[in-house]
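Work through these exercises with the model open beside you. Try each task before reading its solution.

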Amino acid sequence: MLAYTYVAQGRFALQDKPKPVIQDPRDAVVRVTLSSICTSDLHIKHGSVPRAVPGITVGHEMVGVVEAVGDAVSSVRPGDRVAVNVETFCGDCFFCRNGWVNNCTDPNGGWALGCRIDGGQAEYVRVPYADQGLTRIPDEVTDRQALFVGDILATGFWAARISEIGREDTVLILGAGPTGLCTLQCVLLRQPKQVIVCEIDPARRDFVRENYPNVCITTPDKVIGLTQKLGEHGGADRVLEVAGTPETFRLAWQCARPNAIVTVVALYNEPQTLPLPEMYGKNLTFKTGGVDGCDCREILDLIAAGKLDTTALITHTFPLSDIAAAYDLFEQRRDGVVKVAIFNDQGN
Ligand SMILES: [Zn+2]
Ligand SMILES: [Zn+2]
């Protein structure tokens, strides 16, 4: 089967590999129907994910159809359409039982698919702990609607959940890339009083304006003044930092009002500085990512109910055989790309 593979630093290639098989009674093998490319894949390509192993099939955002299951799998059967979770988790350890599945103590716990074990930019993928890692897609939800459920939509949903957003809150989201947009949709579900999105890229600002007309959009140079003006208590009640630059990290706490919650979703390339003397007396609460991706059932139900829809994020579609062109477009951010969908064109 075709599998997009991390060959060496700076190089991915479409290779022919054996179809994956069940290795453990808790495994499932899924025929991938649609996958996507995430910024984390680019981090692997450029060598900034040390745990990623050369030779691995990349890809951790995908949906598909169950092809085979091990004897211990009970939640899905062959033929079921499923969303695949980015995280591998046992469901049984201390962290899993508390809902902190990102910290699952299994050797492959956390983000393993497409990083430490073969992922889903391929015709087939083996999913360990299938009862936890797969969620049946309701019949009325399409593959395109479900594509982001296991990764960026799970991230946005988790970020909105841990930010404890209330109806009276002014919420600031820093960054309107794909994860920022998913976070925005999940924040809107909580119906805060107002939402401000700060984004440096004009094309991304236009995308927010077109798709989320009730959201206030601003730029990094104006965001402090705006949150002070619009927030009733000297700043934003909740700040979600989804951009990942030193500037946005600084803006996150600067725009927060005293006693606000600042949720850091972004992944940084370098350590960031918390200037505690400057923020003394602000009494901020910081919460930090990775996602605990254990809300996929709820997210799919919200999509089925018409309350969440991320299909507008899919701006381009490519066949698996042409995935290199999709990467090129995504990485160079050409042609207004937000997310790409890769469909399996290999004779299924
Ligand atoms: Zn991702
Ligand atoms: Zn666990």
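The exercises below go from the whole chain to a single residue, and the model is a predicted one.

**Exercise 1. Overall build**

Task: Find how many helices and strands the protein has, and decide how compact it is for a globular protein of that length.

Solution:
- Step 1. Count the elements: there are 12 helices and 17 strands.
- Step 2. Take the radius of gyration, which is 20 Å.
- Step 3. Set it against the globule rule. For 348 residues the rule also gives 20 Å, so the protein is as compact as a globular protein of that length.
- Step 4. Add the extents. Along the principal axes, the C-alpha trace spans about 60 × 45 × 40 Å.
- Step 5. Look inside. Buried residues account for 49% of the 348.
- Step 6. Check the contacts. Of those between residues at least 6 apart in sequence, 70% join residues at least 24 apart.

**Exercise 2. Two domains**

Task: Split the protein into its domains and describe where they touch.

Solution:
- Step 1. Mark domain 1, made of 2-151 + 293-343. Then mark domain 2, which covers 156-288.
- Step 2. Place the C-alpha centres of domain 1 and domain 2: they are 27 Å apart.
- Step 3. Count the contacting residues. Domain 1 supplies 13 and domain 2 supplies 11.
- Step 4. Sort the residues on the domain 1 side that touches domain 2. They comprise six nonpolar, four polar and three charged residues.

**Exercise 3. A hairpin**

Task: Describe how β1 and β2 pair, and find the residue with a positive phi in their hairpin.

Solution:
- Step 1. Locate the strands: β1 is residues 2-8 and β2 is residues 11-16.
- Step 2. Read the pairing. The two strands run antiparallel, with six bridges.
- Step 3. Pick one bridge: Y6 is partnered by F12 in β2.
- Step 4. Go to the turn. Two residues sit between the strands, and G10 has a positive phi near 85°.

**Exercise 4. One aspartate in a loop**

Task: Is D27 buried or exposed? Which residues does D27 touch?

Solution:
- Step 1. Find D27 in the loop between β2 and β3 (28-36).
- Step 2. Count its neighbours. D27 has 21 C-beta neighbours inside 10 Å. The cut-off for a buried residue is 20 or more. D27 therefore counts as buried.
- Step 3. List the contacts, leaving out residues up to four places away in sequence. D27 touches I22, G70, R126, V127, P128 and A130.
- Step 4. Compare sequence with space. D27 and V73 are 46 residues apart in sequence, yet their C-alpha atoms are 7.1 Å apart.

Notes:
Residues are numbered from 1 along each chain as its sequence is written. Chains are lettered from A and ligands numbered from 1 in the order in which they are written. This is a predicted model: local features need pLDDT of at least 70, side-chain atom pairs count only at pLDDT 80 or more; totals for chains, interfaces and linings use all residues. Two strands pair if DSSP finds at least two bridges between them. Helices (H or I, at least four residues) and strands (E, at least two) are DSSP runs, numbered from the N terminus. The radius of gyration is taken over C-alpha atoms; the globule rule is 2.2 Å times the number of residues to the power 0.38. A residue is buried if 20 or more other C-beta atoms lie within 10 Å of its own, exposed if 12 or fewer, and partly exposed in between; C-beta atoms are placed from the backbone. Two residues are in contact if their C-beta atoms, placed from the backbone, lie within 7 Å. Domain bounds come from an automatic or database domain assignment. Ala, Val, Leu, Ile, Met, Phe, Trp, Tyr, Cys and Pro count as nonpolar, Asp, Glu, Lys and Arg as charged, and the others, Gly among them, as polar.
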